[in-house]
Amino acid sequence: SNPFGQAINAKLNVVITGPVGNITCFDLNSAASNSIFKGLVINRFGANPSTAAFNLTSANNLSISGCFLGTDRDGLAIAGVPNGMSLNATSSNTLLL
């Protein structure tokens with residue numbers, strides 16, 4: 001993709017659309033440690049403060065990069081994820097780009 005400040009040229013092909021409710025898309029715990037999430041479009045999850053697109057609890061060494069949270073595939077229109085990330089104090093060494 002282009003450097004920060006330039007137009008987005010990403011081609012994201014994986015779109016995960018939720019049911020617009022109190023549901024978390026990825027509820028990551030210690031079993032998800034050492035995972036990589038890259039280039040996903042996630043929308044319509046996390047309708048209240050206790051849910052999110054990504055909820056990290058005791059998950060370590062994660063890499064979450066290049067994801068569009070709460071937008072359409074082009075990253076230009078809102079598509080409903082009020083809570084993109086929920087990071088708990090027990091998660092460590094997580095890279096969010």
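The exercises below, each with a worked solution, concern a predicted model of a protein.

**Exercise 1.** Determine which secondary-structure elements the protein contains and how they follow one another from the N terminus on.

*Solution.* Begin with the count, which gives zero helices and nine strands. Then read the elements in order from the N terminus, where the run is β-β-β-β-β-β-β-β-β.

**Exercise 2.** Work out the strand order of the open sheet of three strands, and state which strands stand at its edges.

*Solution.* First, place the strands in the order β2-β5-β8, with parallel pairing. Next, count partners: β2 (26-28) and β8 (85-87) each have a single partner strand and stand at the edges, so one side of each is left without a neighbour in the sheet. Finally, consider the geometry, in which neighbouring strands of this sheet are turned by 5° against each other on average, with direction ignored.

**Exercise 3.** Describe the pairing of strand β5 with β8, and find the residue in β8 that stands opposite Leu56.

*Solution.* Strand β5 covers residues 54-56 and pairs with β8 in the parallel sense, over three bridges. Within β8, the residue opposite Leu56 is Leu87.

**Exercise 4.** Characterise the protein by its burial, its contacts in sequence and its exposed surface.

*Solution.* Start with burial, taken as under 20% relative accessible area: of the 97 residues in the protein, 36% are buried. Turn then to contacts between residues at least 6 apart in sequence, of which 78% join residues at least 24 apart. Last comes the surface, where the protein exposes about 5700 Å², with carbon and sulfur atoms supplying 54% of that area.

Terms used:
Residues numbered from 1 in each chain as written. Predicted model: local features only at pLDDT ≥ 70, side-chain atom pairs only at ≥ 80, totals over all residues. Heavy atoms only, no water. Pairing = 2+ DSSP bridges. Helix = DSSP H or I, 4+ residues; strand = E, 2+ residues; numbered from the N terminus. Axes fitted to C-alpha atoms, helices over the stretch in contact; angles between N-to-C directions. Buried < 20%, exposed > 50% of the residue type's maximum accessible area, 1.4 Å probe, protein only. Contact = heavy atoms within 4.5 Å. Areas by Shrake-Rupley, 256 points an atom, 1.4 Å probe, with all protein chains shown as cover.
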